[in-house]
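Please look through this structure with its aromatic side chains in mind, taking the ring pairs and then the charges that accompany some rings.

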Amino acid sequence: MSDTHCPYCALQCAMTLAPGVPGGPAVEVRGRDFPTNRGGLCRKGWTSAELLGRGDRLTSPLIREQGALREATWDEALETIAGRLREIRHASGADAIGVFGGGGLTNEKAYLLGKFARVALGTSRIDYNGRFCMSSAAAAANRAFGLDRGLPFPVSDLDTADVVLLLGSNVGDTMPPFVQHLQGARARGGLLVVDPRRSSTARLADDGAGLHVQPAPATDLALLAGITHVVLRDGLADEAYVARRTTGIDALRRSVSTWWPERTEAVTGVPAQTVREIAHRLAGAESAYVLTGRGVEQHADGTDTATAAINLALVLGLVGRPGSGYGTLTGQGNGQGGREHGQKSDQLPGYRKITDPAARAHVAGVWGISPDALPGPGIPAVELLDSCGRPGGVRALLVHGSNVVVSAPDAGRVREALGRLDLLVVSDFFLSETAERADVVLPVLQWAEEEGTMTNLEGRVIRRRRALPAPGQARSELWILAQLAERLGAPSAWPTDPAAVFDELARASAGGAADYSGLSHALLDTGVAAHWPFPAGSRSGTPHLFRDRFWHDDGRARLVPVRPRAPESPAGRELSLITGRLMGHYQSGAQTRRVPELADAAPSLVAEIHPVTARDRGIADGEPVRVAGARGVVTARARLSRDIRPDTVFLPFHYPGQESANLLTSARTDPISAMPEFKNTVVTLAPASGVSP
Ligand SMILES: Nc1nc2c(c(=O)[nH]1)N[C@H]1C(S)=C(S)[C@@H](COP(=O)(O)OP(=O)(O)OC[C@H]3O[C@@H](n4cnc5c(=O)[nH]c(N)nc54)[C@H](O)[C@@H]3O)O[C@H]1N2
Ligand SMILES: Nc1nc2c(c(=O)[nH]1)N[C@H]1C(S)=C(S)[C@@H](COP(=O)(O)OP(=O)(O)OC[C@H]3O[C@@H](n4cnc5c(=O)[nH]c(N)nc54)[C@H](O)[C@@H]3O)O[C@H]1N2
Ligand code: SF4
Ligand SMILES: [Mo]
């Protein structure tokens, strides 16, 4: 029996792995009581063990030879990689080598990957898929609070809320056991869901449990400006809190002064009366929360939209007030920890800035190198991928924990970019669509085969535990990085024991924003509730942030005036495409498309279309439909539904090849966070048999 957590999302539901029965998966998954999931798991969690023993699991390194991948020994694979990296570095400099990490990696792997890039490769060119996920919310929180932790309070605090304003999050499908934390608000009629689709989460607000507000895609900033306008105009703001704990109210007041409810209605489609009602419901509640998800963050103005949500929460005095708050729902299993330990192009461990001389000196000290040897900031994910094979760009790319061919925006361009590389190395446990294109593929461990830690959506550090041995030749990424570092003649120590890597990580994080220095595997094994910061010498963590002060030097939060820009919007017969998730698939689908029960439930791409929109275009329910945009075309099956706005179409992004929604999305990014515009693309629809658009 082994107590661990689910391999998938940031809720990190607790589970126990018991020995499997003959003929079934090697281990049996049981839900385990924990404050986040209280024993519950979703369908993905229940079926997660099926991936452990699959026949198509990678169990040997692969090297491309005459166009095809063939099995190789570890020595040959590692020598090949090290040799090519040395050549490329010699010819084109260290920045010709790029590293692409993932928010699913354990803290130990994320930390060692960042160190490997900076110390063993000497490159600044590292970034990760969290750029596609949490970057807008993180940038907004850093700007407003001086610190970014998805939820600055434990999830269970939500249980007693009177009102929860949930913007662009579909927890009903993306974190099903989380829904139990919304029951209190539902019972009091206070669940307010903002989504252009009547998602499963929006339906939770039916029958008097709350409200579903259905704005046009990409207009949330205007909606939030309108709500904030009403709060300030109707005297609903917490003036004492604003005066004592924030700066910038005058500029904020000016920025929302013209967003009266009728103007907000004209832009968003949300009735003026509803805008007023949301403001009054939030202000009138004893216990109120504002929460955001990817629906509002994955836009070219995602940072400003998340900022507008924070501004609203601040003027209402919610942030840091017991029983109230603002937060964002982290996505990937280690979406939180993955952004703290140095995978991000501008960060060093402990959530430190790579441009800060004191941070560089501290981390270089832990690594036993000179601060001058540390590279500076690199470039964010979209730019990094696009730089592949271009002059001044990267010639080699090492991918750990992301299937960019399916999940990065403008997938056609990504496929071309990877094709321009001299060397693509992918570490994975399945031959993902990205691994299929690699020159060298390295087989790594799955969650139930490794020890480590993850940091969940509440900033709580938890233990992942091994229940099974590694299959075949699959190896730990800690070992792989250490082997490559040695072959590259890197300075510093390269521990491979996860507990030892954690201890080094803890030292590197000491004094940083995300301080783990009081933690160790041994302490975590006692079951302590380890919400960071958890500095050395402290006996408990920090479940609640911002109770007394924010992280800026003056202790105050910043109200930042943000203004809606005109989003790219459809004209004539065009529609807005929004992309997102289905309950049964995870991300690029590399894992869940291999679980028969999940694949059978959603085997191929389905477009959600309003019946009026479909009728207009001669599209029938269940028939193939072409979704076309400026960058590409995909074919899907139509599912007619009144749950979506007539001007909008929805596609999940879980499928590869011609069913990849990202063939349509744009690589345009937010100027502050570098988040791509995943949630708003102009498209046209036609029956698949019809003429091209
Ligand atoms: N089943 C499943 N669960 C997952 C994942 C998965 O792939 N599958 N991935 C995990 C990860 S990494 C993440 S980041 C989270 C994401 O979790 P969520 O943020 O809940 O997921 P999404 O489906 O991307 O988007 C949420 C909602 O935003 C809406 N939306 C789209 N555009 C807009 C807009 O302009 N405004 C507003 N207000 N809403 C909009 C969509 O209709 C959708 O219902 O889920 C995690 N959990
Ligand atoms: N259109 C559109 N695109 C999106 C989004 C959207 O809403 N719409 N959402 C974006 C978001 S929020 C996210 S988080 C990204 C996610 O998209 P991806 O980054 O592609 O995430 P996954 O599909 O989880 O890919 C993880 C890969 O790494 C492997 N893997 C898992 N664990 C490990 C490990 O420990 N080590 C190694 N080496 N490999 C591992 C898996 O088998 C899989 O192949 O997609 C983004 N793309
Ligand atoms: S909600 Fe997330 S963590 Fe929980 S079982 Fe489902 S995928 Fe796993
Ligand atoms: Mo994500």
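In this predicted model, Trp494 has a relative accessibility of 14%, and because buried means under 20%, Trp494 counts as buried. Phe116 likewise counts as buried, since its relative accessibility is 0%.

These two residues belong together, although the sequence alone would not suggest it: counted by the distance between ring centres, there are 14 aromatic pairs, and one of them is formed by Phe116 and Trp494, whose arrangement is edge-to-face, with 6.3 Å from centre to centre and 80° between the planes. The pair links distant parts of the chain, for Phe116 lies in helix H3 (residues 107-121), while Trp494 lies in the loop between helix H19 (477-487) and helix H20 (498-509), 378 residues apart.

How are the rings of Phe546 and Phe550 arranged towards each other? Their centres are 5.1 Å apart and their planes stand at 35°, and because planes under 30 degrees apart count as stacked and those over 60 as edge-to-face, this pair is tilted. Phe546 and Phe550 are both buried, and they also take part in a cluster in which ring pairs link Phe145, Tyr326, Phe546, Phe550 and Trp551.

Aromatic rings in this model also have charged groups placed over them. The charged end of Arg197 sits over the ring of Phe650, at 3.7 Å from the ring centre, and the charged end of Arg475 sits over the ring of Trp479, with 4.3 Å to the centre of that ring.

Notes
Residues numbered from 1 in each chain as written. Chains lettered and ligands numbered in written order. Predicted model: local features only at pLDDT ≥ 70, side-chain atom pairs only at ≥ 80, totals over all residues. Heavy atoms only, no water. Phe/Tyr/Trp six-rings, centres within 6.5 Å; stacked < 30°, edge-to-face > 60°. Helix = DSSP H or I, 4+ residues; strand = E, 2+ residues; numbered from the N terminus. Buried < 20%, exposed > 50% of the residue type's maximum accessible area, 1.4 Å probe, protein only. Lys NZ or Arg CZ within 6 Å of the ring centre and 35° of its normal.
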